[in-house]
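Subject: Two-chain model for you

Hello,

Here is the structure I promised. Please open it before you read on.

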Amino acid sequence: MTRTLLLTGLAVVAIGGFTMWQAAAPISATPVPEQMTAERMAALQKVIRPCEGEDAFDKIAWLTTIYDARVKAAKEGKPILLWEMDGHPLGCG
Amino acid sequence: MSTFADPEVLKLTQTDFVPVSTDDWYTRRRQDSEGEFFRKVADQSPRKGLNGATRQGIYVFTADGELLAFKNNGGDAGDMKKVFALAKAKFDKLPEARRKPGGVTVPAAGKPDANYLRVLPEDGIVLKVHGRILQAKAEAFVKGTCDFTGGDQASRDYCWITADEKKSLIPPKAELGFCYDLPAKIALRLARFHLIDNTRGEPEFWKKEHVRTNKITLTVTAVQDDAIELRLDGDVKLESGEKLGYEPKLRGDLRYIPSKKAFDRFDIVALGDYRGHTTYTPGSREGRTPFGIAFGLADTTKAGERIAPQGLRDRDPYYGRD
């Protein structure tokens, strides 16, 4: 009887523990498809990458050193426009 | 939306000025002619950089270093147009000798400060990396929405792989079905520095101990006369406590051309739950939400696609030497 009670007790603890583990596991918000096919991958790339209207600054032929800008500006007789950010404006966020 | 999205701002930037863009983290610190010149210009603005403070902003100046106008980043197109008008008016009043083409002589650049120089890896691979918040819709994903202004836009960064690391990607056996691990240095770099939410500002990068799972493999899917196609599969778990984590699955298609010793395709997508944010990326969505990242080959003929990865400010961790 003692052995039965002990085994029963252990079973209850085990089931309880399993239930708690199940409750603690967060439900994923992101249902990643089992099969990431080439089509699904292409669709995701299209959604993730900048779309029309985003990254308009990309249409500008930015130089990336002030020295190169000075040389060009001196040659063309123009002022320099410097877009300076902490985190490169063309490559951060 | 960027001020440069305004059609008139875009046009004026291209026609009336020489546009240049740099990372202030480097430029304000450089102890060479580039840094000295920049500080000389910035000291004429409100950005004096006291105690090493940021000097970021929009500067308009002459080739010989006279500041014509300054504004802080942000604002709208109207503010930018005012700056343009002010700068143009001041420029037009300068003596002709300083305005005319060839009027100013720019001295040679001199030796760059090696501490703040980042050189594109010769014969390596440069990937363009975009991230975006997503939401599930039916069986697909669409752009997500959030309260943080601009937080729904695609982020951007670059990933650098050296020539030696590129060689390590080539399969030891060009046999259909041959499967091998993505070389550890590259796998760790992707996980720590590129599987990250940088849509709302500069993120803190994952430390090594935050990389709980990083199983990424390559499988040979086709072998032709001069092309080896590879499929990339990955399962990554990144976590820093309960409140910050990313658990993406990765899928990619790569193609190596032996005669060119180059990859002409390097597409990877990462998709999974993201939770939390770091100090300079506030405003994340509540709970676990879908976040996607797309990698692809950059166009290094453009100067703007040759800039250093954000994570390369500290070279040793980025190149796996920490």
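My notes on the chains, the shared sheet and the interface follow.

This is a predicted model: local features need pLDDT of at least 70, side-chain atom pairs count only at pLDDT 80 or more, and totals for chains, interfaces and linings use all residues. Residues are numbered from 1 along each chain as its sequence is written, with chains lettered from A and ligands numbered from 1 in the order in which they are written.

Chain A has three helices and one strand. (Helices are DSSP runs of H or I, at least four residues; strands are runs of E, at least two; both are numbered from the N terminus.) Its order along the sequence is α-α-α-β.

Both chains build one sheet. It is open, has four strands in the order 1(B)-1(A)-2(B)-3(B), and its pairing is mixed. (Strands pair if DSSP finds at least two bridges between them.) Strand 1 and strand 3 (67-71) of chain B are the edges; each has a single partner strand, so one side of each lacks a neighbour in the sheet.

Strand 1 of chain A (residues 80-85) pairs antiparallel with strand 2 of chain B (residues 57-61) over five bridges. There, A:Leu82 is opposite B:Tyr59. Strands 2 and 3 of chain B are also antiparallel, over four bridges. B:Ile58 faces B:Lys71 in that strand 3.

Now the interface. In all, 80 residues of chain B contact 52 residues of chain A. (Contact: C-beta atoms, placed from the backbone, within 7 Å.) Strand 1 of chain B (residues 18-23) gives the largest share of chain B's side, six residues.

Best wishes

Technical notes:
Contact = placed C-beta atoms within 7 Å.
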